[in-house]
Amino acid sequence: MTRDEATFTIDSRGEFSFPENHKYDAGYGLTESTIDYISDAKGEPDWLRQFRKDALRKFNEMPMPEHWAPESLKNLDFDKIRYYLAHGNAPTRNWEDVPDEVKRTFERLGVPEQERAFLAGVDAQYDSETAYSNMQEELTKQGVIFVNANEGLMQHEEIFRPWFGKVIPVGDNKFSALNHAAFSGGSFIYIPKGVKLKQPLQAYFRINSESMGQFERTLIIADEGSELMYMEGCTAPKFDTATLHSGVVELVALKGAKIQYVTVQNWATNVYNLVIQRGLAMEDAEIRWIDCNIGAALTMKYPAVVLQGRGARGEVLSISIAHEGQHQDTGARMIHAAPDTSSNIIAKSISIGQGRGSYRGEVIIGKNATGCKNNTECDALLINAESRTDTYPAINIKGNSSSVQHEASVSQVDEEMLFYMQQRGLTRAQAMSLAVNGFVNELINEFPMEYSVELRRLIDLEMEDSIG
Amino acid sequence: MASPLRYLDLQQSRSELPNRLNELWRNGRPHIYATSVAEALSSRASQGSISSDAPSHCIKAISDAPSPRGIMSAGSHALVELHHAQFEAAPCGIHLNIAEQIEQAINIRYQSDSLLCPYSYIELQEGARAHIIEEHVSLGDALIFSLRRIKLAQGASLRLELREIGSGKSHAFNISEISVTSANFRQISSHSNHAWAREESICNISNAPESEIESSAMLLSANRLEGKQILDQRSDQNQLSPNTSSRVFYKNVIDDKARAIFDGNIYVAKDAHYSDAQQTNRNMMLSETASIYSLPGLEILADKVQCSHGSASGPMDAEELFYLCSRGISRYDAQKLVAEGFLQESYDRFSRES
């Protein structure tokens with residue numbers, strides 16, 4: 001397989017494809033020489049190269065998740081995947097190549113003109129330099145480090161290396177090993193003691209690096225008493241030719257720190273989105289995962305919080321929409337390892353057409369974790385007769401001083417409610433969209449304002465397409 | 001009629017003894033009890049007493065019942081095969097065929113001090129009605145490994161109490177396959193004083209074509225665990241045709257170092273619209289070392305349904321205790337009373353008319 005300057009056309013299941021022209025392309029399959037290629041391209045130190053190779057060995061040794069994982073995971077062929085692509089500088093796609101359907105979505109979502117090209121993958125980054133440099137200056141003044149994964153490990157080794165791969169170890173599972181071997185892209189963030197960021201940080205605004213990688217790696221360390229909100233992804237459809245995305249996101253909230261991590265994922269429907277997200281919350285710290293999955297063929301994502309210090313708090317709020325041909329396998333894990341910790345999980349899933357939504361959750365209350373509380377609610381909404389939903393929570397409790405409750409329900413949109421709205425002059429699609437928006441309303445309100453507005457519009461659009 | 005493929009697939013693909021890789025077993029202690037069942041079955045002969053006070057015209061020869069082989073289980077196919085080998089060598093069990101409405105409760109009793117592998121086959125004909133109390137008494141370190149097949153025809157109604165009584169050292173393993181066709185089924189199970197017990201209740205609920213009677217099934221359980229006891233319960237509500245309803249309501253009081261596992265699933269087949277299913281697991285934890293693993297599951301393939309599940313675990317309510325203590329009841333007795341009251345809810349549901 002050609003290594004450099006390769007030109008491919010990748011079929012994206014009738015979505016759309018671009019002739020590509022990458023400056024760096026490590027070719028298909030993952031071997032030691034692929035890793036050498038990645039390390040050379042990035043100019044990495046030897047320890048990191050060795051680290052990647054050790055992870056690769058682990059990856060090859062470990063079995064695929066078998067007895068519980070969704071069937072479609074079997075279709076994944078690791079030899080048919082390219083593990084490192086970098087664009088170089090110039091955008092190589094044309095706006096004219098973007099299908100009308102996508103343009104229409106942008107229109108409806110109200111995505112600003114300049115951003116559209118970026119989102120469609122036409123432009124490497126949209127013109128945000130001024131905004132970005134102002135923000136960067138402000139952050140540097142406060143001592144915040146906001147760089148990409150490679151810069152983080154090379155320029156701030158003393159901060160990031162001690163935590164790198166500690167929350168999610170290499171051998172955690174096969175995909176964690178894969179990410180450790182092939183990671184590129186993602187953000188490394190350090191917030192100093194007591195610094196409370198007023199503005200959310202967005203991967204979006206970071207320049208001089210791939211903003212979204214296939215094997216994205218994010219590590220956020222919030223030092224004692226600091227606060228931040230981080231946003232990743234966007235509601236608009238995001239196109240990429242890579243079919244496997246296996247990211248690792250590690251959060252560390254030291255004593256009294258607060259981290260909110262917001263993800264909105266809308267990959268094209270040829271993508272396998274297998275992401276491992278885990279946070280470590282020390283004494284009185286708080287970690288919140290706010291998660292919305294709309295795209296991808298198969299999503300497997302179970303944000304976790306390890307409540308390691310007394311009084312820590314964890315929360316997962318999750319919305320997933322599974323459309324025709326999609327399987328959203330999402331969930332949450334809460335591991336209570338210290339006394340007086342509390343956690344909350346609210347998950348809402350919507351299955352449309354032949355879409356399938358699954359909730360897989362785990363709540364563990366450890367041996368010495370006394371006085372813990374957990375509340376889990378998961379609700380599923382089924383829109384068509386063909387859709388399917390599953391709920392598989394696991395609750396593991398030791399001791400008599402904690403209380404845990406789990407509740408789940410499955411329902412369809414009430415026909416009478418629809419009839420009532422139609423009778424007042426709404427179309428069926430509008431009525432359906434109102435009903436669905438009502439279903440997820442309390443969660444959507446938790447998203448930052450722009451996101452929640454876009455999410456609502458997106459639901460309108462989905463309903464129009466499937467009903468209208 | 002659609003069949004819940006999940007089990008068939010699992011059965012076919014896993015003929016070895018249940019282990020941690022078996023999704024339907026992994027949360028219990030398969031390495032402890034699957035091996036001890038296999039060991040008992042291969043080293044001891046089945047012996048014990050079997051009795052029943054059912055009207056004689058209802059009792060049929062067990063050898064005339066359809067073979068227990070191929071009974072639906074939760075990943076226990078290999079063990080069913082072992083049971084079958086024992087059963088072939090010495091068929092034992094009770095075969096009831098009830099065609100009328102029997103007011104008085106029928107008692108079935110299995111007792112053993114070593115190993116007993118009985119098979120109960122209970123069939124209710126159209127419109128029949130019965131109340132059966134099935135008691136399994138294990139003495140010493142006995143293992144009673146029972147398979148049950150229950151078939152209810154249109155309009156039939158069965159109430160079944162399963163009481164598994166142990167000696168503290170004994171083990172119990174029960175697999176029930178229940179087919180409810182336009183009929184009404186209600187079961188309550190209780191397991192007391194076993195070193196470990198596993199119960200699998202697989203309930204297939206459907207309606208006969210063109211029948212106006214809508215099936216309903218209710219599985220209840222109430223257990224108190226202490227010492228190092230382990231109770232591993234698996235319940236399945238397979239709703240296979242439209243307009244059926246089912247309830248699972250399992251409660252445990254867990255003390256000392258005891259451990260309970262609840263693994264339930266609601267399966268609504270494609271096109272089984274207007275299914276109404278609920279599943280509840282509640283656990284009262286009485287000691288620091290007690291533990292519970294609760295997995296309430298839903299697999300819904302139809303959209304016009306009402307399904308929900310809930311699982312809650314927590315300590316005994318301090319206020320309830322305080323109230324009783326303030327009336328002069330000792331703390332020990334008060335605790336006992338509150339725990340009893342907690343379990344009583346299952347029995348109340350069992351005896352409720354509707």
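Where do domain 2 and domain 3 of chain A meet, and how many residues are in contact? On this predicted model, 24 residues of domain 2 of chain A are in contact with 20 residues of domain 3 of chain A; two residues count as in contact if their C-beta atoms, placed from the backbone, lie within 7 Å. On the domain 2 side, α3 (100-109), β10 (258-265), β12 (286-293), β15 (313-322) and β17 (342-351) of chain A each give two or more residues. Helices here are DSSP runs of H or I with at least four residues, strands are runs of E with at least two, and both are numbered from the N terminus. That same side of domain 2 splits into 17 nonpolar, 5 polar and 2 charged residues. For these classes, Ala, Val, Leu, Ile, Met, Phe, Trp, Tyr, Cys and Pro are nonpolar, Asp, Glu, Lys and Arg are charged, and the others, Gly among them, are polar.

As for the bounds, chain A is assigned domain 1 (24-99), domain 2 (105-413) and domain 3 (414-468), with bounds from an automatic or database domain assignment. A word on conventions: residues are numbered from 1 along each chain as its sequence is written, while chains are lettered from A and ligands numbered from 1 in the order in which they are written. Since the model is predicted, local features need pLDDT of at least 70 and side-chain atom pairs count only at pLDDT 80 or more, but totals for chains, interfaces and linings use all residues.

Next, a helix pair in chain A. The axes of α1 (residues 32-42) and α2 (residues 46-61) come within 10 Å and cross at roughly 150°; axes are lines fitted to C-alpha atoms, for helices over the stretch in contact, and angles run from 0 to 180 degrees between N-to-C directions. α1(A) and α2(A) are therefore roughly antiparallel to each other, a label for angles over 145 degrees. Here A:E32, A:I35 and A:S39 of α1(A) meet A:L48, A:R49, A:R52, A:K53 and A:L56 of α2(A). Sorted by class, this contact has 3 nonpolar, 1 polar and 4 charged residues.

Now for the two chains together. Chain A brings 30 residues to the contact and chain B brings 32 residues. On chain A's side, β20 (388-398) and β21 (403-412) each supply at least two residues, and β20(A) gives the most, with 11 residues. The side of chain A that touches chain B has 11 nonpolar, 15 polar and 4 charged residues.

β20(A) also turns up in the strand pairs below; strands pair if DSSP finds at least two bridges between them.

| Strand pair | Bridges | Direction | One bridge partnership |
|---|---|---|---|
| β20(A) and β18(B) (residues 291-300) | 7 bridges | antiparallel | A:N396 and B:Y293 |
| β4(B) (residues 106-112) and β7(B) (residues 129-138) | 7 bridges | parallel | B:I106 and B:I132 |
| β7(B) and β9(B) (residues 157-165) | 9 bridges | parallel | B:I133 and B:E161 |

Finally, chain B is divided into domain 1 (5-315) and domain 2 (317-354). Their centres, taken over C-alpha atoms, are separated by 27 Å. Between them, 10 residues of domain 1 are in contact with 8 residues of domain 2. β11 (184-192), β13 (216-225) and β15 (245-254) of chain B each supply at least two residues on the domain 1 side, where β13(B) gives the most, with 4 residues. That side of domain 1 divides into 6 nonpolar, 1 polar and 3 charged residues.

Conventions: Angles under 35 degrees count as roughly parallel, over 145 as roughly antiparallel, 65 to 115 as roughly perpendicular and the rest as oblique.
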